[in-house]
Amino acid sequence: MCGIFGVFGHPEAANLTYLGLHALQHRGQESAGITVSDGDRLRTERRMGLVGEAFDRALLRSLRGPYAVGHVRYSTAGDSSLPNAQPFCVEYAHGAVAVAHNGNLINAVDLRKRLELDGAIFQSTSDSEVILHLLARARELELPGRIASALKQVEGAYSLLFLSENQMVAARDPRGFRPLCIGRIKGAFVFSSESVAFDLIGAEFIREVEPGELVVVDGKGLHSLHPWTVPEERRFCVFEHVYFARPDSFMDGRSVYAVREALGRRLAREHPVPADIVIPVPDSGVPAAIGYARESGVPFAMGLVRSHYVGRTFIEPEESIRHFGVKLKLNAVRQVLDGKRVIVVDDSLVRGTTARKIVKMLRAAGAREVHMRISSPPTTHPCFYGIDTPTRSELIASSHTPDEIARYVTCNTLKYLSREGMMEAVDEVTPDPGPKRLRVIGQGYCDACFTGRYPVEFAPGEMSSLRRVIN
Ligand code: AMP
């Protein structure tokens, strides 16, 4: 759960990166960082906290140069502290290089052990630092070759941006778990985890970086190394569509908003129930609730109002804070709910704590019946590819049936969208045919959090050591 952004060849590279990171803030709120290059030298500034808090005007002004990469972080591997904030920047035999990483490397623990036995000294506990060590040891003469050599040794999920003094390289793992796209603004190239950042800075969307592609930008323009490694079946993270990405982004050729609405429509077809109103859990459940209301003909209403001055409650680490957090974030509207049979739509149910609080709130505001509808299947397995999920034992659906969860949550009924329904909803949203707007990159999703089918094999014992690192 991270966002990455890069600018190559713009006089205001740091400012644009700052804005880009703002648009990607939902992908990570723990730390923010920017590395700039003036063509000769790299400089990195990293701070804990939100982008707006991390960088003030004076600091931004001091980040001079036409090349920049930035990162917002939410830790899925390594703890939350400044040494783990990115971009990571190092000096090595060929000069300086910075890296910003979104995803999770599943063989990082083994690689790190091997490198440490060989004398490597690590400055962080993040899996991403391994990539720089591998790159520094590579024998290739050019940066893209060194990057390819490093990436051939890592397994798992990565969308990456590298910056040297005068070259930028973007890379996506061969399965393309995490998103990354390319845009243009004036003469400059920009890269972003999500297209929404291009809207903000007024950049033109060009295309997505393809799974298994290395895109190199330098004084000679943009060129692609594809494939630089053994091709794999594409496995884009379906949870980006369900929850993680912003609905105003386009990814994997599709509008995230349109996919979420389609998920809601499918949900209405699979699990109808007589009711007076459909309400979303804002903000994450809004497009699916709109889809559900449209399909079912039950009127849509805002029965819950969200305060925008608190972050995602899930992010709060302490159990006690998380419980309180729901109340801090959401309040029920009696005017809308009193005496009503209510369908409440959310995108996913993880531990069940949010849903339980919400049902209590809705009943206290007069709801006569509460029917929970979830626009994805039961979350039964943790993610090892870059989405923060708790351990299996904390995932309520790993050990309880929907009816048992309904009893815990205290709602009248609780139904999930089927896996087939979810995949059909994604497929139903036709990829944008615009020649420049988007390029379609085949089929194939990772749905391991719903099925336990992990696309990258784990060696025996690797899973538990990974879990220790991740959690
Ligand atoms: P829970 O209370 O643990 O069941 O959390 C469910 C809520 O968290 C839902 O409203 C989801 O929108 C949201 N959610 C699901 N997955 C994540 C995630 N990985 N990070 C943050 N929030 C999430």
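**Entry 1: a term, and one histidine**

I began by noting that a polar contact is a pair of N or O atoms within 3.5 Å; within protein, one of the two must be able to donate a hydrogen and the other to accept it, and residues adjacent in sequence count only if both atoms are side-chain atoms. I also noted that the model I examined is predicted.

I then applied the term to His-381. The side chain of His-381 makes a polar contact, at 2.8 Å, with the side chain of Thr-380. I located His-381 in the loop between strand S21 and helix H14. Is His-381 buried or exposed? I found a relative accessible area of 16% for His-381. Buried means under 20%, so I recorded His-381 as buried.

**Entry 2: an arginine**

I looked up Arg-392 next and found this residue in the loop between S21 (369–374) and H14 (402–409). The relative accessibility of Arg-392 is 34%. Partly exposed covers the range between under 20% and over 50%, so I entered Arg-392 as partly exposed. I also checked Arg-392 against Gln-153: the two are 239 residues apart in sequence, and their C-alpha atoms are 28 Å apart in space.

**Entry 3: the ligand**

Which residues are closest to the ligand? I counted 16 residues around the ligand, the closest being Asp-346, Asp-347, Gly-352, Thr-354 and Asp-388. By class, the shell divides into 7 nonpolar, 5 polar and 4 charged residues. Helices H8 (238–244) and H13 (353–364) each supply at least two residues of this shell.

I then looked up individual distances. An N or O atom in the side chain of Asp-346 is 2.5 Å from an oxygen atom of the ligand. A polar side-chain atom of Tyr-243 lies 2.8 Å from a ligand nitrogen atom. For Asp-388, a backbone N or O atom lies 2.8 Å from a nitrogen atom of the ligand. Taken alone, the ligand exposes 510 Å², of which the protein buries 95%.

**Entry 4: the nonpolar core**

In soluble globular proteins, nonpolar side chains tend to be buried together. I therefore looked up the largest nonpolar core, which has 47 residues. Among the residues with the most contacts inside this core are Phe-239, Val-278 and Tyr-385. Several elements each supply at least two core residues, including H8, strand S20 (341–346) and helix H15 (419–428). Helix H9 gives the largest share, 6 residues.

Where does this core lie with respect to domain 1 and domain 2? Both domain 1 (3–235 + 455–470) and domain 2 (254–425) give residues to this core, so I placed the core between them.

Methods. Residues numbered from 1 in each chain as written. Predicted model: local features only at pLDDT ≥ 70, side-chain atom pairs only at ≥ 80, totals over all residues. Heavy atoms only, no water. Near = heavy atom within 4 Å. Areas by Shrake-Rupley, 256 points an atom, 1.4 Å probe, with all protein chains shown as cover. Helix = DSSP H or I, 4+ residues; strand = E, 2+ residues; numbered from the N terminus. Nonpolar A, V, L, I, M, F, W, Y, C, P; charged D, E, K, R; others polar. Core = buried A, V, L, I, M, F, W, Y, C linked by side-chain atoms within 4.5 Å. Buried < 20%, exposed > 50% of the residue type's maximum accessible area, 1.4 Å probe, protein only. Domains from an automatic or database assignment.
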